[in-house]
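Please walk me through this structure, beginning with its surface and moving on to the ligand, a helix and the charged pairs that join separate parts of the chain.

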Amino acid sequence: MTAALLKSLNLSKKNAGASTGMHWWSKTKKSGEIISYNPSTGQPIAAIYKINQVDYEYAIKEARVAFVKWRDVPAPKRGEVIHAIGMALRQYKRALGRLVSLEMGKSIQEGVGEVQEMIDMADFAVGLSRMLYGKTMPSERIDHRLCEVWHPLGIVSVVTAFNFPVAVWAWNALIAAVCGNTVIWKPSPKTSLAAIAVQHICNRVCHQFGYRGIFSLLVSDETELVKNMASDNRIALLSFTGSTEAGRIVNELVAKRLGKSILELSGNNGAIIDKGTDLSRVLSAVAFSAMGTAGQRCTTLRRLFVHESDYEKCIDKLIPIYKQIKIGDPLNKKNLVGPLIDKSAVAAFEKTIVIAKQSGGKILSGGKALKHPGYFVEPTLIKINHDCDCVQQETFAPILYIMTYQTFEEAILLHNASCYGLSSALFTNDLAHAEWFLSARGSDCGIANINIGTSGAEIGGAFGGEKSTGGGREAGSDAWKAYMRRQTNTVYWGQTLTFAQGVKFAV
Ligand code: UN1
């Protein structure tokens, strides 16, 4: 099955790790290989040759040359290329979704859903290609026109994580390209094959339009590469998805050269169930948010606050939901939860369970790694006190801490006590509480939802979070502005020059 799948995506058993266009795939073999593993079995799927410094320089040069041409292409024409990429993604939706599922381990529904998210991004970017609006402001002087225009930045680098191997690239790359930038992608080494498949699709489409170097790919597992990118003045914007720890290093290096960055870092998302909420209506949203993608979304629900009067009832209803969840091969659509990405993720899960128990946490369901091949763990529900240290850590696994509160005000305080600020949710029928949660004294996160879970954000909104989540915004709304530079223009078309602020300067 694997061989047929790779073939349907034009992938061979051995792929070179760098491409800037249809006819240029690196021939480098000396830097060694990265093995892509199937997390459901622990078995290798394929090997990819890593890039070297020469490949890196080549990609930068190509992206620079391509940018000089691409920035002059009218944005609606750039949109046509993105439209064709969206059409190609529709054609390969099933195969690419299966590859994502095979290599990353998310359920097939979520794998295909991720490709749908790319398609949605392509559609959004095409619309945007006719809407990169600048403002015109009234000038304080006669016969002057004052306005803003938006220009592309240059080379945009996109560093993505394993958990969304292709969608997060699309959030960044398709917007960046429609804005007139060229894009160099450094995917997670754990999901290189999905990235290579996407690069093949882009290469084919760009070739049809007579372009190369708009989208490039660099496959490597060297952390030095990301540091080099962060320090490289030729990269105008670095969009980085990863841990807060790594994001801090990237941020420092980019800031040092006064470059631009977009940071989408860790999260520790919380949800509040308001007093008296109909639990049967909300618990499937809670369960999906907590264990979808095996708890490996940045938006995964990790902290659940339930009013004390409903706490035990909520636990009684959640436990059977947890016990009946089907864990197994993500390519079998009966299974809702697949494996974690690798052995170290399982070790982190187990370590957190030990710490939670030592801190007085009670395991209500799950708590163990499965004893069969692959990196499967049980979705886990833990009754715990909010002030335990482990509650404040992000463990990239399906662990949900369930905690209690007395007043709504207290629930918001506990919710906002996290150092992260990505996604949040409130389940309620109380309009005043809903508005409170969404007000300035409510949730302090980048995403705040009412009566839906923390995960499953649509691309139309800007995606990102506050505090140690990094503050970046990607995907919809006006997130495109981060991929462009704003220029303020003043044009004088009269006969008698006047100066701003009423200054008289007679010469
Ligand atoms: C992430 O959690 O890493 O909201 C990205 C969602 C997806 C994207 C999540 N649209 O779950």
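Helices and strands are taken here as DSSP runs, with at least four residues for a helix and at least two for a strand, and they are numbered from the N terminus. The model is a predicted one, and in it Phe499 is placed in the segment that follows strand 24 (484–492). Phe499 has a relative accessible area of 35% and is therefore partly exposed, since that class lies between the 20% limit for buried and the 50% limit for exposed. Together with Leu497, Val503, Phe505 and Val507, Phe499 makes a nonpolar surface patch of about 580 Å².

The ligand has residues from several stretches of the sequence around it, among them Glu117, Asn163, Phe164, Trp171, Arg297, Ala457 and Phe463. Polar backbone atoms also approach oxygen atoms of the ligand: one of Cys298 is 2.8 Å from a ligand oxygen, one of Gly456 is at 2.9 Å, and one of Thr299 is at 3.0 Å. Of the 310 Å² of accessible area that the ligand has on its own, the protein covers 99%.

Helix 7 comprises the 18 residues 192–209, for which a span of 26 Å is expected at 1.5 Å a residue, and the C-alpha atoms at its ends are indeed 26 Å apart. Because 14 of these 18 residues are buried, helix 7 is largely enclosed by the rest of the structure. Just after helix 7 comes Gly210, which takes a positive phi of about 80°.

The loop between helix 7 and strand 10 also leads to the charged pairs. The side chain of Arg212 forms a salt bridge with that of Glu62, at 2.9 Å from N to O; Arg212 lies in this loop and Glu62 in helix 2, so that the pair links parts of the chain 150 residues apart. Arg212 is partly exposed at 43% relative accessibility, whereas Glu62, at 13%, is buried.

A second salt bridge to helix 2 joins Arg234 and Glu57, again at 2.9 Å from N to O. Since Arg234 lies in the loop between helix 8 and strand 11 (235–241) and Glu57 in helix 2, this pair ties together parts that are 177 residues apart in sequence.

Glu222 and Lys50 meet in a further salt bridge, at 3.2 Å. Glu222 is in the loop between strand 10 (215–218) and helix 8 (223–231) and Lys50 in the loop between strand 5 (43–49) and helix 2 (53–70), so the pair connects parts 172 residues apart in sequence. Lys50 counts as buried at 11% relative accessibility, while Glu222 counts as partly exposed at 40%, and both belong with Asp221 to a network of salt bridges.

Methods. Residues numbered from 1 in each chain as written. Predicted model: local features only at pLDDT ≥ 70, side-chain atom pairs only at ≥ 80, totals over all residues. Heavy atoms only, no water. Patch = residues over 30% accessible without salt bridge, like charges linked within 9 Å, V, L, I, M, F, W, Y side chains within 5 Å. Areas by Shrake-Rupley, 256 points an atom, 1.4 Å probe, with all protein chains shown as cover. Salt bridge = Lys/Arg side-chain N within 4 Å of Asp/Glu carboxyl O. Buried < 20%, exposed > 50% of the residue type's maximum accessible area, 1.4 Å probe, protein only. Near = heavy atom within 4 Å. Polar contact = N/O pair within 3.5 Å; in protein donor to acceptor, adjacent residues only side chain to side chain. Expected span 1.5 Å × (residues − 1).
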